[in-house]
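Here are a few notes to keep beside you as you look at this structure for the first time. Take them in order, with the view open.

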Amino acid sequence: MKEKLAKAWHDVFEGVGFDYGLPIDISTHGSAIDSLIGTLHYFMALLFIGWGIYLVYCLIKFRERPGHKADISPKNYSIPKYLEIGIVIFEACLLVFFSYPVWAKLKTDFPDRASSLVVRITAEQFAWNIHYPGRDGKFGKTNIDLIDGTNPVGLDREDPDAKDDIVSINQFNVPVGKPVIVELGAKDVIHGFFLPTARVKHDAIPGMVFPLWFETKETGEFQIACAQLCGVGHYRMVGYFNVKTQEEFDNWLLEEEKALTEGE
Amino acid sequence: MAHHEMPFWKKYIFSTDHKVIGLQYGITATFFLLFGFFLMILMRWQLAYPGAEIPLIGKALTETGAMTPELYNALGAMHGTIMIFLGVVPMGVGAFGNYLVPLQVGACDMAFPKLNMMSYWVYFVGGVIMMASFLMPGGAAASGWTSYPPLSVISNNAQTVWLISMVFLITSSLLGSVNTIVTAIQLKAKGQNFMRWPIHVWAQVTTAFLLLLAFPPLEAAAVLQLADRVFGSSFFLPSGLVVSGEKWAAAGGGNPLLWQHLFWFLAHPEVYVLILPAVGVVCEIVTANARKPLYGYKTMVYSILFLGFMSFIVWAHHMFMTGMGVTLSSFFQATTMIISIPSVIILTTILLTLWGASIRFSVPMLFATAFLPMFAIGGLTGLPLGLTASDIHLHDTYYVIGHFHYVVAPGTLFALMGGVYYWYPKFSGRKMNETLGKIHFWTSFVAINFVFMPMFFMGSKGVSRRMYDQTVYTHGAATQSWNVVMSTAAFVLLFAQIPFIYNMFTAWKTGKKVENDNPWDATTLEWAASSPPPHENFPTPVEVYRDPYSYSPTTGKVLPQFAPQEG
């Protein structure tokens, strides 16, 4: 116990572990989200500081003291009305010009499937199963009766479309600069598929499959986090989100294919 | 009159007097608030020092003496449940509503005194059942206070106990809310009309309507989930569930999202159930201590009503990440932005009341003043969560935790603590100690901001909520030291409550006696009764002569509602 406390306080005094602000963003759509978050926080800070100055001024200026009396005459100020109208207009602008377009783009403006990497991600307690359709671009049939320790998504290897399918656990490899379409599902409970560095988040809900898409612009090794409480292992449901160059990605696919044929 | 010969158990235990029941609610809720806080202290230890043995009581909790993920999840679910359903709501609605609404409208008691007693005892039984769930094999319910299926349906048996307890708690709230509404509307004293109600009464009545209309869907949902768990039905279970590699033995065909809709249809209005009584309390404290009328009484009333109405049509903003399309999300984003308008008006109205005031910095006023900026932080940080685009990144992170804790802890709870200091003379005829009160206020105010402010930094980095040990993630490790700061501040905050609890109990017998029945020189009707008020409150019927916050235009002196004329 003592070592753990000592280490924690050592970090505090060294100033380690005090990160703040948004994580880096490697997605093409993320900057719109970040600028909305940024704009909102400037607006919030402005309002809060304005109110704060007013409040502190009141508390000092109108404190109870000998010779000071409250002004009880009825008042009707117009400034708050203008402030309120200003806030309404600002919020309406945020809705119409920032939030609606981003959401509409993400929900309806899907990239062409033929030119994208399409993967199925099936969450379970406490892992991410990533199912690639392989070279033929077609997902093989799956059947929950086939699920076992070596076949986490229940892929039917008898199906011709399934021959070249690749299933990886917790390793989500994508090529940089290519749109990725994820078909998100879950086997047991609700999980939250979260790529903090790509500004992607969506609940994975059993019994439903949700399509979502994103595109990366930088390579690197990142993580998949679980956002939704999914049981005792929720905290350690880490996946690895590796953005590779197209060449590295192709090599990885080749290796996986080789492993498939050797396994037969 | 018969009540003079009432035996002890009838006068103080199974009482039908709204004041006794109010105090029963207050004491029970105080216990639960402290208990819920204590659960969080255990979790905060784990978050600051992951895996380190818990001092003193660790060995009693787990074999190794260190926190386990199972226990952590159970504590998290119970912290949320206890704080909301057994702590803050019974305090705001049960204690303050019960004690003050009849007095403020000039009634002798609640409209249905026996129903009132039943409401408290049903709550009490619900609380006992909830506490008993800690003794279940495998520990207490561990699916979060939101209890999302399928996790809640496939989890340990304590979840069944949780659901049964919730049915009791909801029933209690429904009984209480009917009573409040009927009392406030039907038992008004002569001359007391709607537009002469103190804001606190408006807040409590609106809250009662929210409880009455929003709780039944959750009660129904809790029964359905109970059926899923106990009778093997599948209201919330889809077909084809595979749990730990095994097919789950249930028919399927249900939908987990159905629960979320039913749950949030209650749980969003519930947020306003937590806030509105606090807003009412703050209005009473601020007007009495600013020594001037409330600015824009009517605006305030209409804002509260509008807020109550809007709170029913924003619930799905908790569900933006569950596959919501463009149309539905546009509607809920728009309503969410609209609901911020009455909130801003309420805050602005209280702030404008301070302009030209003569502010008396009594302890209740310190808490009421602190409520304003804290509630503002809580409200403003709701904006990025209410817009889908920014919610993508912030949803289910510590940012959310920071947001609603700013609303409920330094917001609602500060207001309610201020309310305890303010109405203590009404409850007991004595004042609480000022010095202890100031120590309590300043230490709590500083500590609580160190607890909740870093949550925004962690959340914007992307740290998910409800995690036993965030250092598993790179972004979690990069923000881990905030946890040490937050936990230390939480321990300080716990100690800061000692003067308050001590003060609350000792002042009952040894506090300074008030010189008259209206020690704060306030204007509203509860101060017309003696302090403490006798059984049935007003020996002779009171009459109301004017608006709730009146001052003489000629002398500037206070003009209570119940004073026939100046002077």
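1. A good place to begin is the set of buried residues in H3 of chain A: A:Glu91, A:Leu94, A:Leu95, A:Phe98, A:Ser99, A:Val102, A:Trp103 and A:Leu106. Please keep in mind as you look that this is a predicted model.

2. What covers these residues? Part of the cover comes from chain A itself, through helix H2 (30–61). Chain B takes part too, and its helices H11 (326–353) and H14 (388–394) are included in what covers the buried residues of H3(A).

3. Now follow the helix from end to end. H3 of chain A covers residues 79–108, 30 residues in total. From first C-alpha to last it reaches 42 Å, close to the expected 44 Å. Do look for the kink of about 35° at A:Ser99, which comes shortly before the proline A:Pro101. A:Ser99 is also one of the buried residues of this helix.

4. Stepping back to the whole of chain A, you will find four helices and ten strands. Their order from the N terminus is α-α-α-β-β-β-β-β-β-β-β-β-β-α. With a radius of gyration of 26 Å, well over the 18 Å that the globule rule gives for 264 residues, chain A is more spread out than a compact globule. Its C-alpha trace spans about 95 × 55 × 35 Å along the principal axes.

5. How much of chain A is buried? Of its 264 residues, 36% count as such. As for contacts within the chain, take those between residues at least 6 apart in sequence: 66% of them join residues at least 24 apart.

6. The domains are worth a separate look. Chain A is divided into domain 1, residues 24–108, and domain 2, residues 113–263. Their C-alpha centres lie 41 Å apart. Where the two touch, eight residues of domain 1 are in contact with ten residues of domain 2. The domain 1 side of this contact divides into three nonpolar residues, four polar and one charged.

7. Finally, turn to the contact between the chains, which takes 89 residues from chain A and 96 residues from chain B. Which element gives the most to the chain B side? That is H11(B), with 13 residues. The side of chain B that touches chain A is made up of 53 nonpolar, 33 polar and ten charged residues. You have met H11 of chain B already, as part of what covers the buried residues of H3(A).

Note on methods. Residues are numbered from 1 along each chain as its sequence is written. Chains are lettered from A and ligands numbered from 1 in the order in which they are written. This is a predicted model: local features need pLDDT of at least 70, side-chain atom pairs count only at pLDDT 80 or more; totals for chains, interfaces and linings use all residues. Helices (H or I, at least four residues) and strands (E, at least two) are DSSP runs, numbered from the N terminus. The expected span of a helix is 1.5 Å times one less than its number of residues. The bend at a residue is the angle between axes fitted to the seven residues ending there and the seven starting there. A residue is buried if 20 or more other C-beta atoms lie within 10 Å of its own, exposed if 12 or fewer, and partly exposed in between; C-beta atoms are placed from the backbone. Two residues are in contact if their C-beta atoms, placed from the backbone, lie within 7 Å. The radius of gyration is taken over C-alpha atoms; the globule rule is 2.2 Å times the number of residues to the power 0.38. Ala, Val, Leu, Ile, Met, Phe, Trp, Tyr, Cys and Pro count as nonpolar, Asp, Glu, Lys and Arg as charged, and the others, Gly among them, as polar. Domain bounds come from an automatic or database domain assignment.
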